[in-house]
Amino acid sequence: MQKVKIPITLHPGKAAQHRLKYDGIVPLEKLPRLRGVIQEEVGEIAVKIHCKNDEQGLVVISGNLSTHVTVTCQRCNGDLGLDLDQDFVYSPVGLDAESDDLPESYDEVALDENGEIDVFELIEDELILAVPLVPTHNEVSCSYTAEPASFGVLKAEDDKPNPFDILKQLKKDS
């Protein structure tokens, strides 16, 4: 399949009626919320989207996202490379539809005022959810050590009189 430009918005009903398929890339710089979670500012996300109507007549938007990102290891503060590969299945829910009617395997996506979905926002949400909450290296390759770090020698403090000793003396006197 030829790589095509991924649309920013998509009318799911029309796309499903025509059984549209998209196979392309989305640059990372188009996803500002994801850039706040990862370290690098450049890169591409491979995106595959397939629109269709299922056996129940529901509009289904399914696909796959894959990319490589670098995040900060929360244990050693080093760079951690992650290969994100995320599958998704959505069915749009508008004002006239009930989300209770959807099968459990479908996630719901809200339509905007024009009856379209924001594809880039959907991609961004899926990738943010694919990043671990606390990304860490495995214990073997992590450079973290449990030994306490010291950065010099502390001077011994001078023995200062305790200001509350006067109160002890008053308590004894009474």
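Student: Where does Gly43 lie in this model?
Tutor: The model is predicted. Gly43 sits between a helix and a strand, outside both. Its place is the loop between α2 and β3.

Student: Is Gly43 buried, partly exposed or exposed?
Tutor: The relative accessible area of Gly43 is 30%. Buried needs under 20% and exposed needs over 50%. Gly43 is therefore partly exposed.

Student: Which residues does Gly43 contact, leaving aside neighbours within four places in sequence?
Tutor: One distance sets the scene: the C-alpha atoms of Gly43 and Ile25 are separated by 9.8 Å. Those two residues are 18 apart along the chain. The contacts of Gly43 are Val26, Pro27 and Leu28.

Student: Step back to the whole fold. What pattern does the protein follow along the sequence?
Tutor: The protein has four helices and seven strands. Read along the sequence, they give β-α-β-α-β-β-β-β-β-α-α.

Student: What share of contacts between residues at least 6 apart joins residues at least 24 apart?
Tutor: The count leaves out contacts between residues closer than 6 in sequence. Of the contacts that remain, the share joining residues at least 24 apart is 53%.

Student: What percentage of the residues count as buried?
Tutor: The accessible surface comes to about 12400 Å². Carbon and sulfur atoms hold 50% of that surface. Of the 174 residues, the buried share is 33%.

Student: Which residues touch the most other members of the largest nonpolar core?
Tutor: In soluble globular proteins, nonpolar side chains tend to be buried together. Here the largest nonpolar core has 33 residues. The members touching the most others are Ile6, Ile45, Val47, Ile49 and Ile123.

Student: Which elements give two or more residues to this core, the one where Ile6, Ile45, Val47, Ile49 and Ile123 touch the most other members?
Tutor: Strands and a helix both contribute. The elements are β2, β3 (44-53), β4, β5 and α3 (119-130).

Student: Which residues does Ile123 touch, not counting those up to four places away?
Tutor: Ile123 is one of the core members that touch the most others. Its partners here are Ile6, Val26, Leu31, Val47 and Leu65.

Student: How many salt bridges does the structure hold?
Tutor: Side chains of opposite charge can pair when their charged atoms come close. Arg33 and Glu124 meet at 3.3 Å, N to O. Asp125 and Arg33 meet at 2.6 Å, N to O. The structure's total is two.

Student: How many residues apart in sequence are the parts tied together by Arg33 and Glu124?
Tutor: The side chains of Arg33 and Glu124 meet in a salt bridge. Arg33 lies in helix α2 (residues 32-35) and Glu124 in helix α3, so the parts they tie together are separated in sequence by 91 residues.

Student: What about Asp125 and Arg33: how many residues apart are the parts they tie together?
Tutor: Asp125 and Arg33 also meet in a salt bridge. Asp125 lies in helix α3 and Arg33 in helix α2, so the separation in sequence is 92 residues.

Student: Arg33, Glu124 and Asp125 form a network of salt bridges. Is Glu124 buried or exposed?
Tutor: Arg33 is partly exposed at 41%. Asp125 is partly exposed at 28%. Glu124 has a relative accessible area of 6%, so under the 20% limit it is buried.

Student: Which residues does Ser62 contact, leaving aside neighbours within four places?
Tutor: Ser62 is in strand β4. At 17% relative accessibility, Ser62 counts as buried. Its contacts are Lys48, Ile49, His50, Phe88 and Val89.

Student: How many disulfides does the structure hold?
Tutor: A disulfide is a covalent bond between the sulfur atoms of two cysteines. The sulfur of Cys73 is 3.6 Å from the closest cysteine sulfur, in Cys76, and a disulfide needs 2.5 Å or less, so that pair is too far for a bond. Cys73 itself is buried at 0%. The number of disulfides is zero.

Student: Where is Asn77, whose phi is positive?
Tutor: Phi of Asn77 is near 65°, in a residue other than glycine. Asn77 is exposed, at 62% relative accessible area. Its place is the loop between β4 (59-72) and β5 (79-93).

Student: What is the phi of Arg19 near?
Tutor: Arg19 is in the loop between α1 (12-17) and β2 (21-27). Its phi is positive, though the residue is not glycine. The value is near 50°.

How values were computed: Residues are numbered from 1 along each chain as its sequence is written. This is a predicted model: local features need pLDDT of at least 70, side-chain atom pairs count only at pLDDT 80 or more; totals for chains, interfaces and linings use all residues. Side-chain values use heavy atoms; hydrogens and water are left out. Buried means under 20% relative accessible area, exposed over 50%, partly exposed in between (1.4 Å probe, protein chains only). A nonpolar core is a set of buried Ala, Val, Leu, Ile, Met, Phe, Trp, Tyr and Cys residues joined through side-chain atoms within 4.5 Å. Contact means heavy atoms within 4.5 Å. A salt bridge is a side-chain nitrogen of Lys or Arg within 4 Å of a carboxyl oxygen of Asp or Glu. Accessible areas come from the Shrake-Rupley method with a 1.4 Å probe; for residues, only the protein chains shown count as cover.
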